[in-house]
Structures are given as C-alpha cells and as structure tokens.
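Please look through the structure shown here before reading on, and keep it in view while following the text.

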Amino acid sequence: MRVLLLNQFFHPDLAATSQLASDLAVDLARRGASVTAVAGQASYVGSGRYPRRESWQGIEILRVPMTRFGRGSIAGRMSDYLSFLASCAAQLAALEAPDVLITLSTPPLLSLLGSLRKLASGRRTRLVYWVQDLYPEVAIQFGVLRENGLPARALSQMARASLESADAVVALGETMAERLEQKGASRERLHVIHNWSDGESLGQVPPEENWFLDQHGLRGKFVVLYSGNMGRGHDFETLLAAAEKLAGSKEIVFLFIGEGARRGEVEAAASRLPNVRLLPYQPRENLPYSLGAASLSAITMTDGLAGLIVPSKLYGALASRTPVLFIGPEQSETARVIAQSGCGMVFARGDVAGVSAFIEQLAHRRELGVTMGQRGREAFERRFDRTIATGRFAELLGSLCGAAGGVSRAQEVSA
C-alpha cells in the first residue's frame, strides 16, 4: 500500500500535529506500507529551515518551500499557509498517485488539495481527511472571520466539498463527529479515532529518577503543569488568577512550557508572581521527564470551541499518570473523558475559587492525585495508547484499499 501524508509540519518538528503524523507514518511503515510525507521546510517555532528531502525510519520526507513569518501575527501566518499550499500543490502534481492520501487540517483546507489530487488520479486514490481543527468555524470563534462574511461562506463551501469528496473522515471524538455530520460528512464515512500518546515512553520514569525536577528546582514541590501550545483557543485568565490566589504557598508551583500567541500573558504573570515559571518547548525525548514532573496537569479551552478542537495535551497527561484539571466547556471531548475516567475535575472559565480549592486539596492530599492519575492511566491503556490508535488507522486504510481484515463502519473504529 502506497500512502501519501500531507501536513504543514512533520518530524522532527515539535508541533503536536507533527508528532501525531510522524507516529502514524512510522507505525504504518512498520506494518509494510510505503509512506511518503509532504511537509513545509519552516518550523513551528523559531526560524529554522529543514532539509528539502530526507529519509527517516523508512519514510520519504519531501519538504516544500514556504515563507517563515511564524505564528506571531495573523498576516504572517496567512503568508505561511498560502505559500505552503501553493508549493504543496506543485509537489503533488509531480508525484505518482498514491493508493491512499491522508490530509490533516494544517493549514486550513489542506484537504481541498487532497480532493483535487484524488480527482486528478481518476478517483483511484482513496482520500482520508484527518480533522484536527474545524475550519472556518475556528477562525470565526477567534474573530479572524465574520460568521456571515463572504470569506467565511466561501471557506465553508470548500470545507463541505472536501468532506463530501473524502472516502473517510476521521474525527477526534464524538463531539467533533457530531459537528462534522452537521457540516455534511456522511455517517457511513465518518470515523472516530482519538489522538494519542506513547505509553511505552511516558509514565515510566520514577520521581526519584527524574532529573527534570532537580534541574528546575521542583523537587518536593506540587507542580501544576501546562505544557503545549499557548494559542488563542486556550484560557489563561482563570489559571493565572488561581496562581495569584495561591501565591502565598511556597509548596505550589505553576509551570508553563510552550509557545504561542498568548505566551505574553504568562510572561507577564511570571514577572510578578513568585510561583509562576515559564520554559520553552522541550525536545520530544525530554517529555517523559517534563510531563512526569507534574503533580497536576492543566488543560484549558475557551468557550465555543467544543467539537472544533481537541487539546492533545490530555493524552500525554493520562499516559504520565497525573490527575487532570480542565478549564473549559463541559460538553467538550476533554471534559467527557475526564468525567468517564474519573481522572480529574472540570471547571468553567472564571471559576477561580473552584480551581484554587481543587489545587489546594490535591497539594494537601497527594494520595488523591495518585488515585486519579492511576485511573487516567488505566483509561489511556484501554483507549488512547499509540498502538491502539495507529492500529485503527491501519485497519481503516486496509478496508479502503480492499485489504483483508479491514474495518469499514464508524462504530467499529470508534473508541
């Protein structure tokens, strides 16, 4: 089976979609697929440029030219998106049609290129649209587009065309699947496969062997960890207000690791609050130690995004055996998983008193956090480990290509 995978970011980039796409490509290659990945040369953070062509773990990586303005402004991001799409289209035209084409949603409407490539192949290519974010709805929620404006309506029509042309649409949870069905994805071609983390690497480092705690002066502290993208879709007001409320405690530390459009808010808090610390993204090989340093993993989401995005931070927290604090919509996939597994607590935005009380409770009753963390790890091993999720992808691709043992119905692939 020849698989072509499209995403703006790929190994060794630190973006969450890069790590997921890279994991999937590696696991498909291990199962015997011939995998090619097309990505951009620019990195998710910083101004680095990756090699134009590379072979890694049996995967051929083709990186196309693009601008490198980064994520600092909407105009710069749009330039990066459009230049990548143009270069990606040219690269697709030069490649032999694959058996399966998998497109993610970075940048928005990358799936439209997949639809056009499928059409050019005489529909011999099977198209899988792996949805990480729903556009243009996300852009509307962020205030980038007006809901009834001409650009939003045009993008919505193109998104619907992509959904209708895909042989399979992969959603990250049932909430997102419901949204996609409303947008025009047929239930017969809609599949739920959750994002994942690697349980063989995460959650395996005993605290006494975790050098990250000593390197950053965290040994003996109760560490509330936020690790990942600090973007427009995440709430920081509530968590930082809780940090200010608990600033008198010498035991509790709020550690933020990552980058993003809202990093400045965290920087400002770190400059005035003694219990707030800030670090850059960590190399992937350090994640077992940085995530393992958490006493409590914090995940946040702004209102209105339920079913439009699913923070991948959840799966690393579950794998790392840490309890989870979620600040965001109760109807979101993250809130559902926490409620089902009993691995933490969910709070509405603005509930500073509730968030603060929960943190203090776990800081004073460490055994309660250990119990929640173990429940999370059990749920992770049942539903969200890397081998489970990529195995479901392999079954789905096999069914699309007529391979024996393939799974074809959404409910059979769903967790």
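The paragraphs below move from the nonpolar cores to a pair of helices and then to the cysteines.

The model is a predicted one, and a reader may begin with its largest nonpolar core, which has 95 residues. Within this core, Phe10, Leu28, Ile59, Ile102, Trp130, Val169 and Leu180 are the members that touch the most others, while helix α1, covering residues 16-30, supplies the largest share, with 7 residues. Leu180 can serve as a point of entry: once its neighbours within four places in sequence are set aside, Leu180 remains in contact with Val131, Leu134, Leu163, Val169, Ala171, Ala185 and Leu190. There is also a second, separate core of 28 residues, and among its members are Phe222, Leu239, Leu240 and Ile252.

Leu240 leads on to the helices, as this residue of α8 also takes part in the contact with α9. The axes of helix α8 (residues 237-245) and helix α9 (residues 263-272) come within 11 Å and cross at roughly 5 degrees, and the two helices are therefore roughly parallel to each other. On the α8 side the contact is made by Glu237, Leu240 and Glu244, and on the α9 side by Glu265, Val266, Ala269 and Arg272. Sorted by character, the residues of this contact comprise 3 nonpolar and 4 charged ones, with no polar residue.

Turning to the cysteines, a search of the whole structure finds 0 disulfides. Cys88, for instance, is in no disulfide, and the nearest cysteine sulfur, belonging to Cys401, is 20 Å away. Cys88 has a relative accessible area of 0% and is therefore buried, and Cys343, at 0% relative accessibility, likewise counts as buried.

Technical notes
Residues numbered from 1 in each chain as written. Predicted model: local features only at pLDDT ≥ 70, side-chain atom pairs only at ≥ 80, totals over all residues. Heavy atoms only, no water. Disulfide = S-S within 2.5 Å. Buried < 20%, exposed > 50% of the residue type's maximum accessible area, 1.4 Å probe, protein only. Axes fitted to C-alpha atoms, helices over the stretch in contact; angles between N-to-C directions. Helix = DSSP H or I, 4+ residues; strand = E, 2+ residues; numbered from the N terminus. Parallel < 35°, antiparallel > 145°, perpendicular 65-115°, else oblique. Contact = heavy atoms within 4.5 Å. Nonpolar A, V, L, I, M, F, W, Y, C, P; charged D, E, K, R; others polar. Core = buried A, V, L, I, M, F, W, Y, C linked by side-chain atoms within 4.5 Å.
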